[in-house]
Amino acid sequence: MDERDGQLQAALLEWYAAEGRDLAWRRTRDPYAVLVSEIMLQQTQVSRVEPRFEAWLRRWPTVDALAEASPADLLGEWSGLGYNSRALRLHAAAREIAAHGWPDTEAGLRALPGIGDYTAAAVAAFAFGLQAAAVDTNQVRVLDRWDAALGRSPREVRRRALELVPPEAPDAWNHALMDLGATICQARAAACDRCPMATWCLSAGLVDPQAERAMRGKPGGGAGARPQRFEDTQRYVRGRIVAALVERGSVERDALVDAIPDGIEPARVASALTSLVADGLVDQGPEGLLSLPR
Ligand code: SF4
């Protein structure tokens with residue numbers, strides 16, 4: 001930490017106090033609510049998570065209540081959020097916590113089933129007020145731009161991120177970095193002219209998103225690159241299968257293609273079903289009867 005770091009900290013926290021997003025999960029320090037929100041937010045947009053987060057907490061207000069729920073009920077409630085395995089990971093963690101209590105360190109949180117580095121750090125900072133850095137792609141981008149240090153190793157980025165977390169405000173700090181990355185210092189464009197960090201940021205006015213993408217080796221920068229339609233992904237087919245099982249309870253394997261009303265090729269359905277069974281998201285009975293896990 002040097003003088004510039006102190007100025008970066010003060011400027012970002014001041015901006016966050018005035019401009020930070022008011023989100024339901026930021027109004028609580030309940031570690032269970034924070035954990036639910038963080039797992040929902042991993043691959044789903046904030047606007048879609050907000051109503052689902054509140055509905056989830058109404059249905060299962062405590063970690064003990066969630067631990068006693070059936071996987072099938074969880075998957076039903078999760079329906080539409082995508083990446084259904086997240087619901088089962090949340091369930092596994094809830095059962096562990098209900099049995100043994102909440103860990104009180106970041107490392108202890110990371111040891112919970114299905115909880116990775118980011119989620120452990122987020123719960124540590126947001127719920128327990130521990131000095132932890134919830135390093136996601138937004139944080140990496142913002143920190144790299146501040147220091148004009150694109151290309152640092154993950155270990156170097158983590159060290160730098162942790163060094164900057166103010167011990168008196170780890171929750172506000174991590175939220176502030178997320179908000180800056182989501183609203184001003186975005187991957188596709190950096191709005192340096194209205195950025196509160198511009199005075200101290202070594203990349204102010206110099207960001208070239210295309211060059212950054214090339215340096216990170218990410219696809220999508222070329223003129224001919226075209227994003228894949230969601231309907232063409234296996235994730236879409238997996239979601240349709242789970243939705244059909246939520247609606248019907250169970251389906252004969254041979255009838256599964258007809259149970260999905262989108263005309264998806266049988267080979268794609270079979271492949272998606274195989275992966276769902278392997279991931280424990282669908283049970284296949286001895287007679288080929290498919291259902292969600294009980
Ligand atoms: S000045 Fe520009 S590059 Fe630096 S943090 Fe702000 S938006 Fe990002």
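Let us begin with the sheet, which in this predicted model is open and consists of 3 strands in the order β1-β3-β2, with antiparallel pairing. The edge strands are β1, residues 250-252, and β2, residues 283-284, and each of these pairs on one side only. As a general reminder, strands of a sheet pair through backbone hydrogen bonds, in either a parallel or an antiparallel sense.

How many bridges join β2 and β3? There are 2 bridges between β2 and strand β3, residues 289-291, and the pairing is antiparallel. On β3, leucine 290 is the bridge partner of glutamine 284.

I turn now to the helices. Helix α13, residues 234-248, lies across β1 and β3 and runs at about 115° to β1. Helix α13 also meets helix α15, residues 266-278: their axes come within 9 Å and cross at roughly 75°. Angles from 65 to 115 degrees count as roughly perpendicular, so α13 is roughly perpendicular to α15.

Which residues form this contact? From α13 come Gln234, Val237, Arg238 and Ile241, and they meet residues of α15 including Arg268, Val269, Leu273 and Leu276. Sorted by class, the contact of α13 with α15 has 6 nonpolar, 3 polar and 2 charged residues.

Finally, please consider the ligand. Around the ligand there are 15 residues, of which Cys185, Cys192, Cys195, Cys201 and Ala204 come nearest. What is the make-up of this shell by class? The shell has 13 nonpolar residues, 1 polar residue and 1 charged residue.

Conventions
Residues are numbered from 1 along each chain as its sequence is written. This is a predicted model: local features need pLDDT of at least 70, side-chain atom pairs count only at pLDDT 80 or more; totals for chains, interfaces and linings use all residues. A residue is near a molecule or strand if its C-beta atom, placed from the backbone, lies within 6 Å of it. Ala, Val, Leu, Ile, Met, Phe, Trp, Tyr, Cys and Pro count as nonpolar, Asp, Glu, Lys and Arg as charged, and the others, Gly among them, as polar. Two strands pair if DSSP finds at least two bridges between them. Helices (H or I, at least four residues) and strands (E, at least two) are DSSP runs, numbered from the N terminus. Two residues are in contact if their C-beta atoms, placed from the backbone, lie within 7 Å. Axes are lines fitted to C-alpha atoms, for helices over the stretch in contact, and angles run from 0 to 180 degrees between N-to-C directions. Angles under 35 degrees count as roughly parallel, over 145 as roughly antiparallel, 65 to 115 as roughly perpendicular and the rest as oblique.
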